[in-house]
Amino acid sequence: MSNIKKQLIASSKAGNFLVKIFTFYSQEKNDQKDLEKHLIDLHNTGKINIIKEFHKLKNIDEAYNFFKTREILEPVLPKISAPANTVMECVKHLISEAGNDMAADTLIAPFIEFMAADEKRADEVLNISLEEIDEKFDSITPAILAGAKLNLKVYASKTIELSQHSNIQIQTRAIHAIGRIDYNKDNDLIVNAITAIESSISNNFNELLFATVLRSSYSLCNHNSVLDKRVAKIFKTVLKNHNDHILHIASSILGFENNIPNPIVKLLLGALTHTKPQNKGTLLHIDCGLKKLLEKNQAKEIDNVIIFLEKILLKESNISITQFISVQQEIICNAKILNKIVTKWLLSKKSRLGKAASDLVSNISQQPLHLSVDRKKLPKLDNDTYLFLAKKACGWFFFQPVSAVSFILSLLDKAPENERQKIAEIVFNPLLISYPGSVKEYLESMLPNASKIQAPIISTVIKRFENYHNELEKAQKTRELIPSVAHREIYHRYRTRMMEQSMQEAEKDSLFSHLVTKKLILYGNKAINYFKLNPEEIGNRQEMELQSHSLSVEVPTMEYLNSNGSEYIRLNFQLEGCTS
Amino acid sequence: MKLIIREYLASLRERNELDALLQDLLSQMGLEVFSKPSTGSRQYGVDIAAFGSIQGEPKKVYLFSVKSGNLGRSDWNSGQIQDLQPSLDEIINTYIPTHLPTKYKNDPIEICICFGGDMKEEVRLNVTSYENTHTTERISFSEWGGEKISDYIEQYLLKEELLPENCHRLLRKSLAMLDEPDISVKHYRQLIESISAKEYTKDKDRLTAIRQLYLCIWILYSWCREADNVEAAFQASEISLLHAWQIVKPHLGKEGKTSQSILQTINAIRALQTQISLDFLQQKIIPHTNNLYALSSATRPSCHLDTNLKLFDILGRIALAGIWSHWYLQMLQPNNLDEDIKAKSLQIRDQYISSIKQMIINNPALNWPYKEDQAIDITLAISFLATDKNNHHYIHSWLFNMVNGSEDFLKQNKCYPCHLSKYHELLEHPQNEEGYKEKVTQGSILYPYIATFAALFGFDDIYEQIQKIKREQLPHCNFQLWYPDETSEEHYYANTDVHGATLCDVPIDESQQSFLDLIFKECEENKNFENLSAITFGFYPIILLASRHHRLPVPPHFLKQFLTTE
């Protein structure tokens with residue numbers, strides 16, 4: 001007998017078996033396959049009852065890591081001989097101990113394999129499960145899946161029978177199993193399964209059952225595309241219910257399934273507009289799904305996404321486009337989609353969509369987005385549409401001035417002559433006046449490539465701004481108007497306090513500040529440290545140069561010159577002509 | 001101190017500055033000034049003529065020919081009308097033989113060559129040989145340079161018995177801090193208060209006191225002018241005028257030589273305050289009113305609050321200057337002698353009107369009062385603009401924007417008007433705490449004044465909007481108006497104590513007529529306004545000046561004039 005085996009037997013007797021195998025498993029020098037073999041052998045020869053030992057595994061013991069230790073059982077389980085009921089109890093215990101962890105269910109597959117090794121095991125587990133329904137642990141599905149591996153027809157038939165069971169728990173689990181059985185392309189069985197699902201939703205509504213139906217029917221549709229229509233019908237019925245659980249399953253289908261048939265996509269998107277803002281997980285799945293649709297870069301899909309976003313944003317004020325991070329990034333990276341959405345939403349006369357356009361454009365990257373009007377969206381012969389759009393762009397993108405100006409300039413070429421001057425006025429005041437840095441730079445950079453219509457307007461605006469600036473400079477020589485030293489000092493103290501507060505707030509949530517230790521250096525611009533490997537030596541000298549980090553933001557001058565008025569203009573531009 | 005006075009003298013201009021000072025100085029020295037600079041153009045070389053004895057010398061006729069700054073070759077005889085030699089020739093050849101009052105025909109004459117600075121060596125020989133050539137038994141010459149005049153000023157106006165050393169120190173401090181006007185004015189205010197707080201038992205002492213005020217503000221102003229920052233002088237001139245009025249009140253309407261001198265001096269202080277105001281507004285403000293955001297930007301603000309506070313302050317100043325110009329025109333009308341002066345005054349008044357309008361258009365922060373006491377500046381501006389009916393439409397649009405904005409910001413909890421006045425509190429306004437809004441809007445004069453104008457000018461929409469604000473946003477707020485009381489005459493000018501009475505809960509919920517009836521009924525009931533000396537003697541802008549400077553609401557009596565015109 002090998003030394004390891006002896007140690008394992010000794011540890012089992014000493015009551016520290018789990019600690020021992022964890023230690024052994026953690027040491028890189030040890031071959032984990034060897035450990036598996038030893039455990040299987042020791043169990044099957046009756047020297048150690050592994051199931052009994054693992055039943056003792058708790059998610060609280062600090063002498064071993066729960067999940068790592070449990071991981072040792074996974075390859076061992078299918079290869080041992082043990083009564084099915086004790087294995088089931090052990091698996092149930094280990095899953096229950098894992099709690100809500102994402103890795104909780106990784107033991108199910110080995111459990112299925114364990115049962116699939118002997119049909120009696122599956123039968124036994126299924127029988128126990130049907131007699132004593134465990135609310136928290138579904139052992140019916142694994143038993144059916146294991147049984148179906150051995151005898152597909154019998155177990156498919158059993159499952160269909162159970163799917164009409166009077167107990168909703170059994171019925172739900174059977175429906176779940178229907179979706180997971182490998183039918184081995186047996187169309188008759190698949191059709192029977194879909195019929196069973198259809199039948200299951202014809203009676204009373206149950207949230208869990210309907211959600212399971214959604215998932216299982218979609219799995220069947222994967223097996224056989226001929227069933228798309230019937231599955232779509234099931235989806236239609238189920239998705240009439242805007243229950244959180246159902247919507248969550250719908251979102252996971254949208255988010256993680258590929259090549260979903262278009263009718264089903266439409267049904268999913270339609271239902272998911274009812275998602276509640278607090279259901280962050282569902283929104284996250286939707287984000288993934290929408291991103292995938294956009295990635296296809298097909299007009300129909302893009303339209304579906306835009307319509308969905310519009311509906312959900314208009315419906316729920318607490319949902320923002322910024323919650324769909326992947327979608328936002330996808331849109332931003334695709335100028336055509338971005339311009340289409342921005343134009344459509346600014347024209348919509350709906351303030352929530354205007355706000356969403358603003359959120360979309362205010363991306364976190366430092367580079368300003370250059371926008372351009374999507375001319376296809378411009379209604380013909382509509383008076384003041386261009387001026388209307390210019391105002392909206394100024395109002396909603398005021399804090400992204402380059403985006404605002406780029407969009408407004410793109411309007412000039414097609415704008416009627418009588419609107420051009422008014423549009424140019426918006427570029428000058430408030431945009432250029434507020435952002436003499438970025439907007440002026442942008443206008444100057446635009447000038448060489450500007451169209452025949454744009455060029456003279458841009459030149460005039462720049463010239464006008466230079467005159468304006470000269471006048472400001474002259475006025476600034478008026479020393480009489482400078483705030484008193486007392487006011488300047490009070491403001492300085494106030495600003496310092498505000499900065500400190502926001503710094504503290506930011507540090508609270510900063511991951512970086514939790515990772516590092518802070519040291520204050522009072523003088524100099526280098527830090528010298530000696531790193532010791534052991535207390536006796538002097539240590540290695542390390543010199544670290546300090547790096548300066550800065551971030552500059554162009555604060556709109558209007559904030560100083562006409563704070564209230566500027567906000568008022570902004571609001572007016574945003575809301576003028578809006579119907580909601 | 002002497003150096004300060006010399007600096008000041010050297011900076012004075014010839015007309016209306018150095019000659020005006022000299023006149024006061026000579027009077028203070030006990031001489032009888034019989035030809036004054038204010039009477040018109042110089043008379044055959046003589047700017048000022050006086051008779052009397054200086055420092056125990058025999059009585060003489062002193063004829064002054066005044067030049068500003070240093071006396072150099074170019075001032076002697078370079079073909080200019082103001083040159084010294086031709087002036088002296090005129091005095092000898094024309095003034096003395098033909099224009100000297102008969103009663104002085106036999107008295108000795110001293111021709112005084114007066115200049116604010118020093119005599120340059122380059123002209124010394126010319127002057128000396130001229131003096132040697134023209135000195136006779138009766139006619140002698142003397143040089144009144146900066147040194148001599150400052151000696152006399154120290155001796156006759158500022159000697160310690162007349163102005164204590166601590167006042168000298170305050171004046172020096174005030175001059176040293178000109179670039180920080182608030183600090184400079186703080187010292188100056190203490191100086192003025194220590195002069196005006198004295199109990200004057202003799203009229204002569206009172207005359208000396210206001211001459212000192214006049215001299216102090218002149219010194220400050222001349223230094224400010226040199227520093228190209230007249231802010232301290234602007235504020236100081238207002239303080240000086242108000243305190244001077246407080247001192248001279250007992251002499252108003254009185255006959256007698258001293259009383260007349262006192263009245264002349266207060267008139268000179270008023271003229272100087274007007275000059276400083278004109279200087280400030282014409283050179284520093286008005287050139288920028290027609291440029292978008294120019295004045296807002298000139299405030300070089302740390303935040304929007306700085307812009308707001310300074311703009312309303314400037315608005316009040318222009319409006320008050322406009323009211324003074326309007327008053328001046330009213331004073332002129334009965335005589336209607338000088339068409340040029342009238343035309344110029346009209347031009348100045350119209351310029352103030354258009355400047356206010358331009359300023360509001362180009363500095364939209366003026367649509368958003370933050371502080372209740374900005375109602376004072378708004379009231380002054382509207383009172384002035386409304387002197388011309390053509391401005392009613394403009395007033396309407398300004399008030400409409402203001403009221404609309406205030407209502408929106410009250411709803412949105414943004415920078416709505418409040419009765420906080422401290423800068424640090426305003427910086428943090430508004431806050432989101434529960435009950436904060438109610439706390440900082442417990443009382444208002446802003447809305448009642450706007451409502452009064454709205455009712456007077458028939459701006460129904462604005463009146464209704466204010467009713468709505470009161471009803472929906474500020475039901476807790478005491479809408480009030482302030483009236484002078486029997487103690488106001490004592491405290492109004494120098495702001496020595498709290499005074500006046502407040503009409504509480506003005507009935508904004510009632511019709512415009514009932515609202516106005518109550519406000520003006522209280523004016524009828526309250527006779528204290530008519531009894532204010534500035535009102536009794538026709539100097540009503542002094543009351544408005546006191547209101548602006550001491551941040552007191554404008555008495556509603558001033559608005560009554562618009563009741564009759566509508």
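Me: In β3(B), which residue is the bridge partner of Ala50(B)?

Reply: Keep in mind that we are looking at a predicted model. Strands β2(B) and β3(B) run side by side in the antiparallel sense, paired over five bridges. Within β3(B), the bridge partner of Ala50(B) is Tyr62(B).

Me: And in β2(B), what is the bridge partner of Ser35(B)?

Reply: Here we turn to the pairing of β1(B) with β2(B), which is antiparallel and has three bridges. In β2(B), Ser35(B) finds its bridge partner in Ala49(B).

Me: How many of the residues of strand β2 of chain B are buried?

Reply: Let's take the two faces in turn, since in a regular strand the side chains alternate between the two faces of the sheet. On one side, Ile48(B), Ala50(B) and Gly52(B) are buried, and on the other side so are Ala49(B) and Phe51(B). The strand (residues 48-52) is therefore largely enclosed by the rest of the structure, and its buried residues number five of the five.

Me: Which strands of this sheet in chain B stand at the edges?

Reply: The open sheet has five strands in the order β1-β2-β3-β4-β5 (chain B), with mixed pairing. An edge strand has a single partner strand, so one side of it is left without a neighbour in the sheet. In chain B, that describes β1 (32-35) and β5 (139-144).

Me: By how many degrees are neighbouring strands of this sheet turned against each other on average?

Reply: Here the direction of each strand is ignored. On average, the turn between neighbouring strands is 25°.

Me: In β4(B), which residue is the bridge partner of Phe64(B)?

Reply: Strand β3 (residues 60-67) and strand β4 (residues 109-115) of chain B pair in the parallel sense, over seven bridges. Following Phe64(B) across to β4(B) leads to its bridge partner, Cys112(B).

Me: What angle does the direction of helix α6 of chain B make with that of β5(B)?

Reply: Begin with helix α5 (residues 121-134) of chain B, which packs on the sheet, touches β4 and β5 of chain B, and makes about 155° with the direction of β5(B). Helix α6 (residues 146-156) of chain B also packs on the sheet and touches β4 and β5 of chain B. The direction of α6 makes an angle with that of β5(B) of about 80°.

Me: Phe398(A) and Phe399(A) form an aromatic pair, but of what kind?

Reply: The structure holds 32 aromatic pairs over all chains. Phe398(A) is buried at 2% relative accessibility, while Phe399(A), at 47%, is partly exposed. Their ring centres are 5.4 Å apart, with 90° between the planes, and planes over 60 degrees apart give the kind called edge-to-face.

Me: How many residues apart in sequence are the parts that Tyr540(B) and Phe558(B) tie together?

Reply: These two form a tilted aromatic pair, 6.1 Å centre to centre with 55° between the planes. Phe558(B) is buried, at 9% relative accessible area. Tyr540(B) lies in helix α24 (residues 540-550) of chain B and Phe558(B) in the loop between α24 and α25 (560-565), so the pair ties together parts whose separation in residues is 18.

Me: The charged end of Arg121(A) sits over the ring of which residue?

Reply: A similar question can be asked of Lys349(A), which lies over the face of Phe388(A), 5.7 Å from the ring centre. For Arg121(A), the charged end is 3.9 Å from the centre of the ring of Phe114(A).

Me: In chain B, which residues lose the most area to chain A?

Reply: Across the interface, 47 residues of chain B are in contact with 34 residues of chain A. The area buried between the two chains is about 3600 Å², with carbon and sulfur atoms giving 59% of it. Together giving 17% of what chain B's side buries, the residues that lose the most are Tyr293(B), Arg300(B) and Tyr423(B).

Me: How many of the residues of helix α9 of chain A are buried?

Reply: Among the elements covering the buried residues of α9(A) are α7 (108-116), α8 (119-131), α10 (152-162) and α11 (168-180) of chain A. The buried residues include Ile140(A), Pro142(A) and Leu145(A). Helix α9 (residues 140-150) is largely enclosed by the rest of the structure, because its buried residues number nine of the eleven.

Me: Is Leu309(A) buried or exposed?

Reply: Leu309(A) is found in helix α18 (residues 299-315) of chain A. Beyond its neighbours within four places in sequence, Leu309(A) is in contact with residues including Leu290(A), Phe324(A) and Trp345(A). With a relative accessible area of 0%, Leu309(A) is buried.

Technical notes: Residues are numbered from 1 along each chain as its sequence is written. Chains are lettered from A and ligands numbered from 1 in the order in which they are written. This is a predicted model: local features need pLDDT of at least 70, side-chain atom pairs count only at pLDDT 80 or more; totals for chains, interfaces and linings use all residues. Side-chain values use heavy atoms; hydrogens and water are left out. Two strands pair if DSSP finds at least two bridges between them. Helices (H or I, at least four residues) and strands (E, at least two) are DSSP runs, numbered from the N terminus. Axes are lines fitted to C-alpha atoms, for helices over the stretch in contact, and angles run from 0 to 180 degrees between N-to-C directions. Contact means heavy atoms within 4.5 Å. Rings of Phe, Tyr and Trp (its six-membered ring) pair if their centres lie within 6.5 Å; planes under 30 degrees apart count as stacked, over 60 as edge-to-face and the rest as tilted. Buried means under 20% relative accessible area, exposed over 50%, partly exposed in between (1.4 Å probe, protein chains only). A charge sits over a ring if NZ of Lys or CZ of Arg is within 6 Å of the ring centre and within 35 degrees of the ring normal. Buried area is the accessible area (1.4 Å probe) that two parts lose on being put together, summed over both.
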